[in-house]
Amino acid sequence: MHHPDLEFVHRGDIVTCRQVPPTRTLLQLLRDDLGLTATKEGCNEGDCGACTVVLGEKRGDQLHYSAVNSCIRMAQSIHGMVLWTAQDIAASDGTPHPVQQALLANHASQCGFCTPGFAMSLFGLYQTQVCQGQTVTREGAQEALSGNLCRCTGYRPILDAAQQMQTVPTVAVDETHLLSKLELIANTNQGLKADFSYKTPTTLADLLALRAAHPQAQIVAGCTDVGLWVNKLHKDFAQVLDVTRVEELRQITTTASHLCLGAAVTLTEAFAALVARRSALHSFAMRFAGAPVRNSGTLGGNVANGSPIGDSMPLLIALGAQVVLASVRGTRTLALESLYTGYRQNVMASDEVLTQILVPHPEPEEFLRVYKVSKRFEDDISAVCLAVQLQVRDGVVAVASIGAGGVAATPARARLTEAALVGQAWTSATVERAMATLRSEFQPISDMRASSQYRSQVLGNLLQRLWLESQGEPDISLASLSLEDLSV
């Protein structure tokens, strides 16, 4: 099968790579094929951030910058983009970039292995904030570095560097030159040829036609999970169908009743849209993996993947979200929790793709909380995730919608607990009964993250926490802690 040419802009010039297999990662391309070894391989699963690079994608007449993990990003996915690695941000005469100057001035590196990844996350922050005239806050720096792990230096000097990099004269990227180079790259990867191994349709009609013709092809978006299958399970796919260029799947729109999120919208963009309508979700959104994963991963990918520990699904279930499935035969809409039939199994036919997630707009009396329990505060997988949406009218629970993750083979809706709440007075006694129901509603497994007994106990505890917060008790989460507080 023919592998399409891969073309991208690096150091101001177009780079052409031929015969790049569909499952070759960007990190492998950089280190093994191009000799760009400043980008490091750490965990090789998108957790440590040592492999972070920055991509520039043309949007309108500007570049959109994203720091991403190159270890789980398929190389073919950067066709038609601009790439920066840790070797590329200094000036041509060797003058350090403000990011590098700040890291050096604040002694923000010891072993240095993680430093290239930190530098690239900061370069992404520099491009999106400093170059736009925005101030880098401590909180903003912490969020930008949430996907980068440091074991020796500690986070304080790195966060100091993040804020100091804005105090020197700004060094701007020549976007005009880069955009002109991108215009010269032909869109050879549309993949409409039958013998292409990596297919990247740009319209929904083409995507559905390709899915019908190639039901065996592996669908990918941000590859934040498929990348693990490649790296850790050594899976290989003869044919890949990349949905991230489909314009209809990249849109965020609204109707009178719903926020409509395209399946290829990144987690960063999807959470921004959700937080804009429900500010209480900000802390939870920032705890979903790390920034580089959110910049690559898509909401549709997280939902379609159906992992029982995928954090977006409990939230979406609690919000009453629906999913839209499409094929050449037509479309259908169903409740998100009805999508799943078993562990990583769903009702989608072989020719169907998930195209949209529809989220109802908030009601005025809505009380919403989402709790994530994990061993590490940031960039970690949940042991338990619980999302609860309540509407209490005249002291009585009128609406209760509860989504849970990490407690069953699929993301689940706690229907029995909802029934125990609806129509009851919102009192501590009602909550006590609902806690017992919630603890008995699921039979979670014991694994490396938590025991079955722990998960059941925590489920009830989180409902009690919700009650306390509804009565005006302060939020007792760790959201106010910084990376400095959490480092050892």
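Accessible areas here come from the Shrake-Rupley method with a 1.4 Å probe, and for residues only the protein chains shown count as cover.

**Entry 1, ground rules.** I'm looking at a predicted model, where local features need pLDDT of at least 70, side-chain atom pairs count only at pLDDT 80 or more, and totals for chains, interfaces and linings use all residues. Residues are numbered from 1 along each chain as its sequence is written, and side-chain values use heavy atoms, with hydrogens and water left out.

**Entry 2, surface.** I looked up the accessible surface of the chain and got about 19,900 Å², with 51% of that belonging to carbon and sulfur atoms. Then I checked burial (under 20% relative accessible area, 1.4 Å probe, protein chains only): 54% of the 488 residues count as buried.

**Entry 3, overall build.** I found 17 helices and 19 strands; these are DSSP runs, H or I of at least four residues for helices and E of at least two for strands, numbered from the N terminus. Along its principal axes, the C-alpha trace spans about 70 × 55 × 40 Å.

**Entry 4, the inside.** I went for the nonpolar cores next, meaning buried Ala, Val, Leu, Ile, Met, Phe, Trp, Tyr and Cys residues joined through side-chain atoms within 4.5 Å. The largest has 51 residues, and Val303, Leu354, Ile357 and Val359 have the most contacts inside it. Helix 9 (residues 267-277) gives this core its largest share, six residues. A second, separate core has 26 residues, including Ala404 and Phe442.

**Entry 5, one residue.** Which residues does isoleucine 357 touch, leaving aside neighbours within four places in sequence? With contact as heavy atoms within 4.5 Å, I noted among them Leu259, Leu299, Val303 and Val323.

Note on methods. Buried means under 20% relative accessible area, exposed over 50%, partly exposed in between (1.4 Å probe, protein chains only).
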